[in-house]
Structures are given as structure tokens and as C-alpha cells.
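Dear colleague,

Please find below the structure that I am handing over to you. I should be grateful if you would read the notes beneath it with the coordinates open.

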Amino acid sequence: EVEDVDLLKGQLRKDEEGQKEQAQMSKLVMVGEIQKIFNESMLIIRNFLNSDVQVLPINIKGPTGVGKTTLVFYIAGQLSRELNREILFEIAQCNQAQDYHELLGYQKIAYDRNKLTTQFVDGPILKAIKAANENGIAILLLDEVNGLVPEAQKLVNPLLDGRNMVEYGDIEAKIHEDNKLIVMGTMNELTSGYYGINPLNLDLERRFKYTFVLPYPKPEDEFKIIHEMVGGDVESSMITAAIKLANHTRGEWEGPPISTPMLIAFISAFKEFYKSNIPDAVMEAFKVGILNHFDEQLREPLKEKAKDIGLIPTMTDEKNKDG
């Protein structure tokens with residue numbers, strides 16, 4: 001029944017809003033490159049708002065876990081404060097299973113009083129264009145844009161190349177004159193150890209007028225991030241050793257890298273386990289925060305490296321402790 005469809009759509013909207021709120025609530029420590037990219041992006045956006053241009057494409061690329069998506073939410077929040085009004089925000093969670101129908105919209109079969117009918121469901125790109133036309137400005141986040149298959153990537157080209165529109169078959173939508181759409185992409189680089197992504201096609205990559213690269217933080221910046229995120233009360237040597245282990249995995253090794261969020265999860269778990277008198281608190285926190293994220297064949301070499309740098313205790317340490 002249509003009532004059931006509307007109920008489901010309402011629930012999906014609530015789920016989407018919950019995801020947005022969760023991302024907006026994620027804390028971001030402004031240090032180093034992330035602070036620099038934030039400042040430069042805001043300058044570009046301010047100039048865009050005072051120009052005759054209708055669509056502004058910005059791409060932020062770098063390894064997973066450095067805060068690319070959270071940075072976009074911070075930019076949206078800053079823009080809302082500067083304009084003193086809410087900026088509508090649409091997210092396209094890009095992945096290999098997503099085709100042009102999901103990005104633009106699709107016909108959905110429904111029943112209206114036992115009569116078969118169809119309803120059109122807007123995708124995130126159409127929602128963003130409509131939001132810009134209705135409110136004067138909107139933001140579209142193409143999260144992990146290189147997760148899209150090449151055919152779906154091509155769909156975005158006419159939105160970013162000055163035509164300010166998208167079209168496929170009977171579907172067509174255009175940014176009206178004097179309205180503004182900020183299109184922000186995030187993407188993992190192929191060399192970052194992140195799996196299941198495609199190269200961004202050259203046409204689309206060139207259409208992102210501004211591209212920033214957000215690398216892993218420098219050790220001193222990552223220390224500040226972790227220390228602030230976990231609320232202190234942790235020995236500096238533990239944070240330093242954790243960062244050293246992470247940088248080992250960000251170089252020449254056979255697996256994916258340890259991200260900053262993993263380090264934060266490890267330290268946070270240790271604090272909780274230690275306060276609760278959990279036996280072997282460091283090792284247990286290391287397992288749940290870092291080790292269990294990796295395939296089984298990578299866990300032993302990672303554990304040995306963690307022992308080598310003094311992050312987790314060795315058998316000798318345990319014996320000395322017991323003795």
C-alpha cells in the first residue's frame with residue numbers, strides 16, 4: 001500500500017538524517033594540513049559565492065581515515081554560520097554497486113488502493129540540484145567518488161563542466177540562474193591501501209577545478225589529534241609508540257594501513273579497560289582497536305612489530321611483571 005511505501009520512505013529519510021548528524025558530530029582537531037585545507041577551501045567558497053559561477057567543484061583526496069568526509073561537514077557548518085542560515089546538504093555514498101539510477105533517481109512500483117502505479121524517487125544528485133534551486137545554495141558530497149564505476153562517473157561530468165546540469169534519458173535537471181551548488185568529492189588514492197575502488201576517470205578528475213591532497217598527519221600533529229580526542233590521561237610514550245606502528249603500516253608492508261581513528265579507538269579502549277581492571281588491558285585494547293581490523297595472516301606480523309617498538313608487552317615483560 002502507498003501508506004506503507006510512505007512509511008518506509010520516511011524511515012529512510014530518518015536514517016539518512018541520522019547518518020548526517022553522526023558525521024556532523026564527529027570531532028575534528030584542526031592541526032597541520034587539515035587546518036590549511038579548511039582555510040583555503042573557505043576562501044575559494046567565499047569567492048565563488050561572490051561570482052557569477054553556479055557550480056563549484058572541489059575534490060579532497062587522500063588515504064582512508066584522515067578526516068576527508070568530516071572536513072566537508074566542518075566546511076558546511078562554517079558556511080552556515082557565515083551566511084547565518086542552514087545550508088542544505090545531500091550525500092551520495094559512492095560505491096561500485098551504485099549506478100546512474102541511484103544517483104539521479106528511479107521509478108518505483110507501488111500500490112494505490114490496490115491499483116498498480118509508479119512513483120519517482122529522487123537520487124542525491126537531483127535532491128541537491130532541487131535544494132539549490134529552492135534555497136539559493138546547497139552542497140552535494142560525492143563521498144568516495146572513485147568508488148563509482150566509470151559509467152556512473154560520466155554522469156557527473158555535465159554538472160561540473162559549465163553546463164550545470166545532469167541528464168540521462170528522460171531525466172534532466174539544471175541549476176537555475178543565480179543559484180549555487182557546491183560539489184565536494186572525497187576519494188581514496190589507489191596507493192593508500194584501500195580496496196574496492198576505481199581510478200577516477202580523467203574527464204571527471206579534470207572537472208574538479210580545485211583538488212586538495214590530505215595526507216596522513218605528521219607525527220607531532222597526529223599526537224595532538226589523538227591526545228585531544230581521547231581526553232588526555234594517557235602516557236605520551238604509548239601514543240608515540242602507536243603512531244610509530246601506524247607509520248610502519250603506511251610504508252612498504254603487505255597490508256592496509258592503520259588509520260588515525262584506529263589509534264584513537266585503541267587508546268580509548270585501553271583507558272576504559274585499565275579503569276575497569278581488565279586483565280592485560282593493553283593487549284586487549286590492541287586487539288579490539290587495531291589487530292582485529294586486519295586479516296588473520298597479517299595479525300601475527302603486526303603483533304610482533306608492536307612488541308618490537310614497545311607498544312604491547314613481550315613474554316619477557318609479562319614474566320618480569322609476574323616475578
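The notes that follow go through the sheet, the helices, the nonpolar cores and a few individual residues.

Please bear in mind throughout that this is a predicted model.

The sheet

Five strands make up an open sheet with parallel pairing, in the order β2-β5-β8-β1-β9. At its edges are β2 (88-93) and β9, each of which pairs on one side only. From one strand to the next, the twist averages 15°.

Strand β8 (residues 180-187) deserves attention. Eight of its eight residues are buried, so the strand is largely enclosed by the rest of the structure. K180, I182, M184 and T186 point one way from β8, while L181, V183, G185 and M187 point the other way, and all are buried. The parallel pairing of β8 with β1 (residues 55-61) extends over seven bridges, and within β8 it is L181 that stands opposite V55. Between β5 and β8, which also run parallel, there are six bridges; here L141 has M184 of β8 as its bridge partner.

Strands β1 and β9 run parallel as well and are joined by four bridges. In this pair, V213 of β9 stands opposite K61.

Helix α5 (residues 124-135) lies across β2, β5 and β8, and runs at about 165° to β5.

Tyrosine 210

Which part of the chain does Y210 touch, once residues up to four places away in sequence are set aside? The residue itself is placed in strand β9 (residues 210-213). Its contacts are I44, L56, P57, I58 and N59, with that same exclusion. N59 is 151 residues from Y210 in sequence, yet their C-alpha atoms are 6.2 Å apart in space. With a relative accessibility of 28%, Y210 counts as partly exposed, because that class covers values between 20% and 50%.

The nonpolar cores

The largest nonpolar core contains 36 residues, and I258, F266, F286, I290, L302 and L311 are those with the most contacts inside it. At least two residues of this core come from each of α8 (219-230), α9 (236-249), α10 (260-275), α11 (281-289) and α12 (296-308). A second core, separate from this one, has 31 residues, including V55, A152, A173 and L200.

I258 is a useful place from which to inspect the largest core. Leaving aside residues up to four places away in sequence, I258 touches Y216, L245, A246, T249, R250, L263, I290, F294 and L302.

Helix packing

Helices α8 and α9 pack at an angle of about 125°, and their axes are 10 Å apart. This angle makes α8 oblique to α9. On the α8 side the contact is made by P219, E222, F223, I226 and H227, and on the α9 side by S236, I239, T240, I243 and N247. The crossing of α8 and α9 is right-handed.

In helix α11, the buried residues are A281, V282, M283, A285, F286 and G289. These buried residues pack against α9, α10 and α12. One of them, F286, is also among the residues with the most contacts inside the largest core.

Two residues with positive phi

Most residues other than glycine have a negative phi. Two residues in this model should therefore be checked against that background, E144 and N277, because most non-glycine residues show the negative sign.

E144 has a positive phi of about 55° and is not a glycine. This residue is found in the loop between β5 (137-143) and α6 (150-160). Is E144 buried or exposed? Its relative accessibility is 16%, so E144 counts as buried, the limit for that class being under 20%.

N277, again not a glycine, has a positive phi of about 60°. Its place is the loop between α10 and α11. With a relative accessible area of 66%, N277 is exposed. The two loop residues therefore fall into opposite classes, E144 being buried and N277 exposed.

With kind regards

Conventions
Residues numbered from 1 in each chain as written. Predicted model: local features only at pLDDT ≥ 70, side-chain atom pairs only at ≥ 80, totals over all residues. Heavy atoms only, no water. Core = buried A, V, L, I, M, F, W, Y, C linked by side-chain atoms within 4.5 Å. Buried < 20%, exposed > 50% of the residue type's maximum accessible area, 1.4 Å probe, protein only. Contact = heavy atoms within 4.5 Å. Pairing = 2+ DSSP bridges. Axes fitted to C-alpha atoms, helices over the stretch in contact; angles between N-to-C directions. Parallel < 35°, antiparallel > 145°, perpendicular 65-115°, else oblique. Left-handed = near helix turned anticlockwise from the far one by under 90°.
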